[in-house]
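This briefing concerns selected helices of a single model. Please consult the sequence and the structure shown here before reading on.

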Amino acid sequence: MVICTARAQRPRLRIHKREDHSLLLATLPLDIKPSRVAANESGLEIQWSNDSHVSFYSWDFLKIYITGERPAPENVPLEFFGASGPSNSSIEYGEFAKDETKAVGRLTDMIKRKGLALVTGVPCDSPEPTKTLLEMIAFIRVTHYGGFWVFEPDLEIADTAYTNEYLPLHTDNTYFTDPAGIQAFHLLKHTGPNAQEGSGGDLGGRSTLLDAFHAARILREESPEAFKALLRFGLPFHASGNEGIALAPDKLYPVLECEPDGHTMRRVEVERGRPGHHTSYVWRGHDGMV
């Protein structure tokens, strides 16, 4: 059994609360062995023969390797939703100021379980509060759109998202080999094109959300052959239409993908587009798209 010093806790190399150390395994001598071993209530201390380096391993750390009982990944049950929509899927913006760690934990748990989350009360006088909130979760991934961006209808851009047209149900990022795990939208301002606010007319600006994993489960139950076909055949997803933009994933991907267990849905892809413009998008559903 080889115990690698790179993962040990070293009394003489402590940096704040962490004990990190860079070590190239290829530089370790082949005849490395302990020159001194001492056990106590806290763990095991080893001095190495090649450089007299001292490593300390807590019993909690060693237990995993002694028993072979590695912690299993957390099993988070997914909560599918139908026409009634998801329940208990919102969190108030003010919660992040009270306890950022707890609020981010609740938010990401909702995303994992339900596939989406709504943050209410986010200031809309500028986009900065939205950006700050997202950076509490993780860094913002940069794509050909940019990292964090603000836009309004622009007919010069060959994308229906930049128009006042109704967008049918679709998913985002199918043209990426590695689609974004979480996507966030915040409507900062909206003026209805054909009605004045308070007139009772439809001002638009609504979002329609569909649990594609739930739809795929229904398809598998009602039409197994159609479900298998969507798993089997790859399609050429891509994004194009604007100058300098021509994106496609590394290979053809099917509309549906399953985990190795054959039961857990991993990916659902649906297209949207218009004549002369074809853009495809992916939604990772319960993997966390907002």
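The points below treat one helix in detail and then one pair of helices.

The model is predicted, so local features need pLDDT of at least 70 and side-chain atom pairs count only at pLDDT 80 or more, whereas totals for chains, interfaces and linings use all residues. Residues are numbered from 1 along each chain as its sequence is written, and side-chain values use heavy atoms, with hydrogens and water left out.

**Helix 3**

- Helices (H or I, at least four residues) and strands (E, at least two) are DSSP runs, numbered from the N terminus.
- The end C-alpha atoms of helix 3 are 21 Å apart, which agrees with the 21 Å expected for its 15 residues at 1.5 Å a residue, the expected span being 1.5 Å times one less than the number of residues.
- Ala-103, Val-104, Leu-107, Met-110, Ile-111 and Lys-114 are buried in helix 3, that is, under 20% relative accessible area, where exposed is over 50% and partly exposed lies in between (1.4 Å probe, protein chains only).
- These buried residues cover an arc of only 130° around the axis and therefore lie on the same side of helix 3; the arc is that of the directions from the helix axis to the C-beta atoms.
- Thr-101 and Lys-102, on the other side of helix 3, are exposed.
- Arg-113, in helix 3 (residues 100–114), is partly exposed at 21% relative accessible area.

**Helices 5 and 6**

- Helix 5 (residues 212–222) and helix 6 (residues 224–232) pack at about 125°, with axes 5 Å apart.

How values were computed: Axes are lines fitted to C-alpha atoms, for helices over the stretch in contact, and angles run from 0 to 180 degrees between N-to-C directions.
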